Amino acid sequence: GVIAPDRSLNPHAYEVQYYYQNIWATLKDKDSGTIDIYNENFFQTLQGINLCYLIEAEGEKVAEGIIGLSNLNIAPQSTKAVKINDIAKALNNKDFDGKELVCNIYFKLDADQLLLKKDDTIAHEQFILREFSFPNLTEIPAAQGVVKTELHTAYTVFSTDVADYTFDNHSGFIAYIDVDGQPMMEDGFQLKPDFWRPATDNDHGASMQRKLRAWYYPTFALKEFKYDKQGNDIVVNTKHELGARGRGNSTNTFMYITYTIRPDGQIIIDERLDVDENAENKPQLLRYGMEMQMPKQVSQIVFYGKGPQENYIDRKDFANIGIYKQKVKEQYFGYVRPQESGNKTQVRWWKMTDKSGRGICFYSDQPMECSALPYLTSDLDPSPEKAQHHSGDLTERPFASVHISQRQMGIGCVNSWGAWPRPEYQMPYQDYQFRFAIKPLK
């Protein structure tokens with residue numbers, strides 16, 4: 001399953017490639033810029049290989065260089081220390097104070113070989129030299145200005161000079177977001193909690209699509225919808241009781257969402273799930289976050305996180321943290337059978353814009369997992385049965401389905417006939433809380 005039938009690489013091939021590499025670098029002492037290089041080969045030195053490095057500060061190049069390994073005589077199954085002086089310089093550079101610093105290491109050939117070309121990368125690694133500073137969303141300084149309120153029978157609008165947020169009074173969810181007068185949500189959809197992903201082949205092998213079905217678009221019975229003014233902000237509080245779709249019985253599981261609308265146009269969303277501890281069945285979640293659909297013209301993605309290929313919590317070590325520019329139409333990988341695709345982990349911020357740059361930016365007080373696909377979850381997951389349809393049969397939707405998540409269950413990859421992801425990559429039946437913000441971009 002690593003190679004597709006047409007001999008192209010499936011996304012997990014990049015993770016396999018990473019763990020099959022024979023050269024490993026570890027950060028020994030960042031203050032001095034010392035790294036250890038381990039030659040995992042059994043019979044050859046690292047003759048003819050260059051160590052290329054690139055240091056970045058949140059996507060901005062700080063330094064780069066090349067160190068030849070031929071003269072170091074790193075014997076098979078041995079380790080040698082190498083100093084990269086630019087690491088220490090970058091950490092002491094005041095121009096980049098407060099910014100996350102990463103060092104990307106690439107081991108490249110300095111000449112052609114039988115099957116490989118000069119400058120081909122045969123191993124790579126990334127070091128985090130300075131961690132990203134996530135904002136505290138509960139302590140954002142007060143913004144100047146006014147949030148206007150328009151109360152109607154069916155909806156309530158909260159307006160700023162930059163953005164308008166329209167709530168459906170009957171569902172309690174956001175139905176429209178407009179930035180600078182332009183719609184950021186597809187008509188007919190709402191910003192809603194998201195607990196599901198299109199079942200993967202591994203999910204089907206473990207019967208998760210049936211065992212965890214309670215989280216497949218449950219119903220939300222609105223129990224409370226109120227708002228008040230706090231300083232210059234408007235704070236909206238909602239309470240929903242969750243129910244299994246097709247059954248109206250009470251579940252004693254509740255979703256509490258607080259929306260803080262600020263005069264600068266930002267909205268901070270605090271999504272809290274309280275499960276019923278006494279429930280007879282306690283199915284795990286496949287994802288926890290929120291989902292929205294954005295108009296087709298909002299087709300540009302810029303994100304700071306792991307990429308550029310899709311990656312998951314248990315299949316992300318090959319991916320580097322960086323700033324990536326992509327398009328919605330590029331996000332879905334055409335697995336033979338449609339399934340979950342396009343996820344990105346360790347996301348610091350995620351922007352969705354039109355070609356002019358107008359749109360919105362999602363960010364949180366913790367790393368997020370995000371995706372944007374030209375398909376609804378139901379398009380990729382039409383039934384609890386393992387339907388034998390193909391990605392080539394899919395028809396793209398005229399909008400982007402955007403998932404902003406705290407986390408998603410791991411993919412597994414132990415086998416595809418019953419194994420679950422390892423415990424640390426699962427999502428137990430328990431209370432969850434996820435806080436993130438939406439910032440309008442003009």
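Which residues does I438 touch, not counting residues up to four places away in sequence? In this predicted model, the list consists of Y165, I177, L191, G265, Q266, I267, I269, I360, C361 and F362. I438 also belongs to the largest nonpolar core, which holds 61 residues. Within that core, I438 is one of the residues that touch the most other members, together with Y259, L273, W350, M352, F362 and V402. F362 therefore appears both among the contacts of I438 and among these highly connected core members. Strand β22 gives the most to this core, with 5 residues. A second core, separate from it, is made up of 28 residues, including I35, I55, A90 and L129.

Three members of the second core, I35, I55 and L129, are touched by I87. I87 lies in helix α2, which spans residues 85-91. With a relative accessible area of 0%, I87 is buried, because the limit for a buried residue is under 20%. Beyond residues up to four places away in sequence, the contacts of I87 are L27, K30, G33, I35, I55, C103 and L129. E241 is 154 residues from I87 along the chain, and the C-alpha atoms of the two are separated by 52 Å.

The loop that runs between α2 and β6 (101-109) contains N93. N93 has a relative accessible area of 25% and is partly exposed. A polar atom of the N93 side chain lies 2.9 Å from the backbone nitrogen of D95. N93 and V62 are 31 residues apart along the chain, with a C-alpha separation of 9.3 Å.

A further loop, between β2 (34-39) and β3 (49-57), holds N41. N41 counts as buried, at 13% relative accessibility. The side chain of N41 takes part in two polar contacts described here: one of 3.3 Å with the side chain of N22, and one of 2.9 Å with the side chain of N39. When neighbours within four places in sequence are left aside, N41 is in contact with N22, L46, P76 and Q77. N22 is thus listed as a contact of N41 and is joined to N41 by a polar contact between side chains.

Helix α1 comprises residues 13-20, and its buried residues are A13, E15 and Y18. These buried residues pack against two strands, β1 (23-29) and β7 (121-130). Helix α1 also contributes to the lining of the largest pocket, where its 3 residues form the largest share.

The largest pocket has a volume of about 920 Å³. Its lining consists of 37 residues, of which H12, N202, R315, I411 and C413 are the closest to the centre. Two elements, α1 and α3 (201-205), give two or more residues to this lining. By class, the lining residues of the largest pocket divide into 17 nonpolar, 10 polar and 10 charged.

As for enclosed space, the structure holds 1 cavity of 30 Å³ or more. About 50 Å³ of space lies in the largest cavity. Its lining is formed by P198, R287, E340, S341, S371, L373, Y375, L376, T377, L380, S401 and H403. The elements that each supply two or more of these residues are β22 (359-373), α5 (377-380) and β23 (399-408). The lining of the largest cavity has 5 nonpolar, 5 polar and 2 charged residues. Strand β22 is thus represented in this lining as well as in the largest nonpolar core.

Between α5 and β23 lies a loop that includes P384. P384 counts as partly exposed, at 29% relative accessibility. Leaving aside neighbours within four places in sequence, P384 is in contact with H204, Q209, R210 and R213. One of these contacts, H204, is 180 residues from P384 in sequence and 8.6 Å from it in space, C-alpha to C-alpha.

Methods. Residues are numbered from 1 along each chain as its sequence is written. This is a predicted model: local features need pLDDT of at least 70, side-chain atom pairs count only at pLDDT 80 or more; totals for chains, interfaces and linings use all residues. Side-chain values use heavy atoms; hydrogens and water are left out. Buried means under 20% relative accessible area, exposed over 50%, partly exposed in between (1.4 Å probe, protein chains only). Helices (H or I, at least four residues) and strands (E, at least two) are DSSP runs, numbered from the N terminus. Contact means heavy atoms within 4.5 Å. A polar contact is a pair of N or O atoms within 3.5 Å; within protein, one must be able to donate a hydrogen and the other to accept it, and residues adjacent in sequence count only if both atoms are side-chain atoms. On a 1 Å grid over the protein atoms alone, a cavity is a set of points where a 1.4 Å probe fits but cannot get out, and a pocket is an open set with protein on both sides within 12 Å along at least five of seven lines; lining residues have an atom within 4 Å of a point. Grid points are joined across faces, edges and corners, and a volume is the space filled by probe spheres set on the points. Ala, Val, Leu, Ile, Met, Phe, Trp, Tyr, Cys and Pro count as nonpolar, Asp, Glu, Lys and Arg as charged, and the others, Gly among them, as polar. A nonpolar core is a set of buried Ala, Val, Leu, Ile, Met, Phe, Trp, Tyr and Cys residues joined through side-chain atoms within 4.5 Å.
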